[in-house]
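Got the model open in your viewer? Let's walk through it one selection at a time, beginning with the nucleic acid.

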There are 2 protein chains.
Amino acid sequence: MSHTLGIRQAQKQKTRQALLDAALALLEEQSLSSLGLREVTRAVGVAPTAFYRHFRSTADLGVALVDEALGSLHPMVRTTVSSAGDTDERIARAIELIAGHVDAYPAHVRFIARERSGGVQPVREAIRSQLVRFAEEVKTELAKDPEAEGWSDDDLLMLAHLFVDQMLITASLFLEARESSAGPEERQRVARLAALQLRLISIGRRHWLD
Amino acid sequence: MSHTLGIRQAQKQKTRQALLDAALALLEEQSLSSLGLREVTRAVGVAPTAFYRHFRSTADLGVALVDEALGSLHPMVRTTVSSAGDTDERIARAIELIAGHVDAYPAHVRFIARERSGGVQPVREAIRSQLVRFAEEVKTELAKDPEAEGWSDDDLLMLAHLFVDQMLITASLFLEARESSAGPEERQRVARLAALQLRLISIGRRHWLD
DNA sequence: TCATCCAGTTAACAACTGTTCTCCGGAATT
DNA sequence: AATTCCGGAGAACAGTTGTTAACTGGATGA
């Protein structure tokens with residue numbers, strides 16, 4: 001790629017992105033199943049019918065948002081798990097990375113947390129399959145670690161899911177801390193809690209084969 | 001209690017409960033922020049305006065649903081954590097208890113999982129505060145265990161939150177297993193996964209003070 | 001027994017929704 | 001240069017929404 005796609009397709013992708021952005025903003029105070037098509041087009045400043053040029057329905061738009069929010073996250077997850085250093089250092093680094101991501105893309109994080117068990121089935125499935133992918137990637141990274149000696153595949157996948165779920169919970173807590181206007185000390189509280197929990201999981205991992 | 005409240009208040013509570021039940025049923029395929037007041041009254045077979053005799057809004061009804069779904073759950077959680085026996089036995093018993101609750105009240109479980117980070121703030125807060133209460137109760141139960149010797153309050157609360165979150169995740173997985181029509185072997189898969197994860201957490205707990 | 005209360009009804013309101021069909025004008029293709 | 005393509009606009013549709021006001025009739029309490 002790429003031969004500078006014509007000004008026609010460029011404009012199309014531009015309004016498409018505008019629709020996605022507007023929807024994401026509107027979803028800060030409601031869930032996808034109550035998001036109206038007209039609501040979105042109104043926010044962008046285009047005719048309601050223009051929506052159909054890009055998405056079949058708001059559920060369809062939701063699936064696109066899942067890809068936008070999680071699709072580009074895989075390399076980050078991989079490197080997080082496989083980073084070097086002492087256990088506590090790795091934990092601290094992982095938590096800072098999560099916190100940074102929440103600060104950089106708060107709307108994306110809220111969307112995923114909200115729609116993970118939201119009222120729109122296709123979106124739920126899209127999120128679920130992405131999280132399964134995450135878990136599998138984490139598993140292959142965990143398998144490279146010398147600590148994985150003697151672990152069965154099932155056990156590795158179990159641990160991977162534990163990490164992925166914990167990551168999501170922590171991200172969700174960071175998000176709440178941001179908007180609770182309780183100052184940065186709340187953020188520190190969340191970081192400490194997450195560190196303790198990851199530490200306990202790591203200890204359990206270390207003694208798994210005893 | 002109770003002096004058999006008059007047939008007037010009895011009828012009122014009856015329709016109120018009908019509204020709650022109908023709403024819970026409608027919420028199986030959507031989220032609270034898209035639930036319409038007329039939709040609920042139509043399902044019950046009552047005039048839309050009758051809704052206002054019981055709830056200020058659908059958000060208000062949501063808060064009432066949180067109490068119904070979680071309010072009566074506290075004794076169960078307490079006894080689950082403090083049950084006797086070998087570690088693996090306790091884990092198996094806890095998981096069976098969760099699975100049984102999901103089978104008995106699937107709509108309640110789905111509602112809580114969905115609205116925990118849903119689009120309606122008062123409902124989110126109601127759920128959050130109930131879960132905090134759960135965590136505190138679990139903490140006081142954990143404190144009674146001889147294994148809690150030397151644990152700080154912060155560490156105990158951290159572990160309690162880990163258990164509560166894990167409980168919710170497991171319940172959510174059981175719910176998915178129910179409706180994925182993948183047969184009872186999917187349920188067994190979830191039970192095994194949850195058992196392994198609780199086992200790892202228990203091991204981490206045992207070696208926490210090393 | 002009679003006056004009061006109050007859960008539920010009826011009617012009407014302006015505003016909103018998703019979806020269809022027809023059209024326009026500039027980009028893309030030949 | 002002539003033709004096709006296509007993202008977006010405009011208008012109209014039947015149906016829905018939350019909320020108001022005034023009313024009805026049976027239970028309640030004096």
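**Stop 1: DNA strand C**

Select DNA strand C and show what surrounds it: there are 19 residues around the strand, and L37(A), R38(A), R8(B), R53(B) and H54(B) come nearest. Here a residue is near a molecule or strand if one of its heavy atoms lies within 4 Å of it. Before going further, note that this is a predicted model, in which local features need pLDDT of at least 70, side-chain atom pairs count only at pLDDT 80 or more, and totals for chains, interfaces and linings use all residues. Residues are numbered from 1 along each chain as its sequence is written, chains are lettered from A and ligands numbered from 1 in the order in which they are written, and side-chain values use heavy atoms, with hydrogens and water left out.

Which part of strand C faces the protein? Of its atoms within 4 Å of the protein, 53% are sugar or phosphate, and bases make up the rest.

Now zoom in on some polar contacts (pairs of N or O atoms within 3.5 Å; within protein, one must be able to donate a hydrogen and the other to accept it, and residues adjacent in sequence count only if both atoms are side-chain atoms):

- R53(B): a side-chain N or O atom sits 2.3 Å from a base oxygen of DNA strand C.
- T49(B): a polar side-chain atom is 3.2 Å from a base oxygen of DNA strand C.
- I7(A): a backbone N or O atom lies 3.1 Å from a phosphate oxygen of DNA strand C.

Color by secondary structure next. Two or more residues of the surface near DNA strand C come from each of α1 (7-26) and α2 (37-44) of chain A, and α1 (7-26) of chain B. Helices (H or I, at least four residues) and strands (E, at least two) are DSSP runs, numbered from the N terminus. By class, you'll find six nonpolar, six polar and seven charged residues on this surface. Ala, Val, Leu, Ile, Met, Phe, Trp, Tyr, Cys and Pro count as nonpolar, Asp, Glu, Lys and Arg as charged, and the others, Gly among them, as polar.

**Stop 2: DNA strand D**

Switch to DNA strand D, where 19 residues surround the strand and the closest are R8(A), A47(A), R53(A), H54(A) and R38(B). Of the strand D atoms that come within 4 Å of the protein, 49% belong to sugar and phosphate.

Try these three residues:

- R8(B): a side-chain N or O atom is 3.0 Å from a base nitrogen of DNA strand D.
- L37(B): a polar backbone atom is 2.7 Å from a phosphate oxygen of DNA strand D.
- K12(A): a side-chain N or O atom is 3.5 Å from a phosphate oxygen of DNA strand D.

The elements giving two or more residues to the surface near strand D are α1 of chain A plus α1 and α2 (37-44) of chain B. The class count there is six nonpolar, six polar and seven charged residues.

**Stop 3: chain A and its annotations**

Hide the DNA and look at chain A, which has nine helices and zero strands. Its C-alpha trace spans about 65 × 45 × 35 Å along its principal axes.

Select residues 13-73 of chain A, which an unreviewed UniProt entry labels "domain: HTH tetR-type". UniProt positions are given in the numbering used here, feature names are shortened, and annotations may be inferred rather than shown by experiment. This span is 57% helix and 0% strand, with its end C-alpha atoms 21 Å apart. Then pick residues 36-55 of chain A, where UniProt (unreviewed entry) places "DNA-binding region". That stretch is 40% helix and 0% strand, and its end C-alpha atoms are 13 Å apart.

**Stop 4: salt bridges**

A search of the whole structure turns up 28 salt bridges over all chains (a side-chain nitrogen of Lys or Arg within 4 Å of a carboxyl oxygen of Asp or Glu). Select E141(B) and R78(B), whose side chains meet in one of 3.2 Å, N to O. This pair links distant parts of the chain, with E141(B) in helix α7 (residues 121-144) and R78(B) in helix α4 (residues 74-81) of chain B, 63 residues apart.
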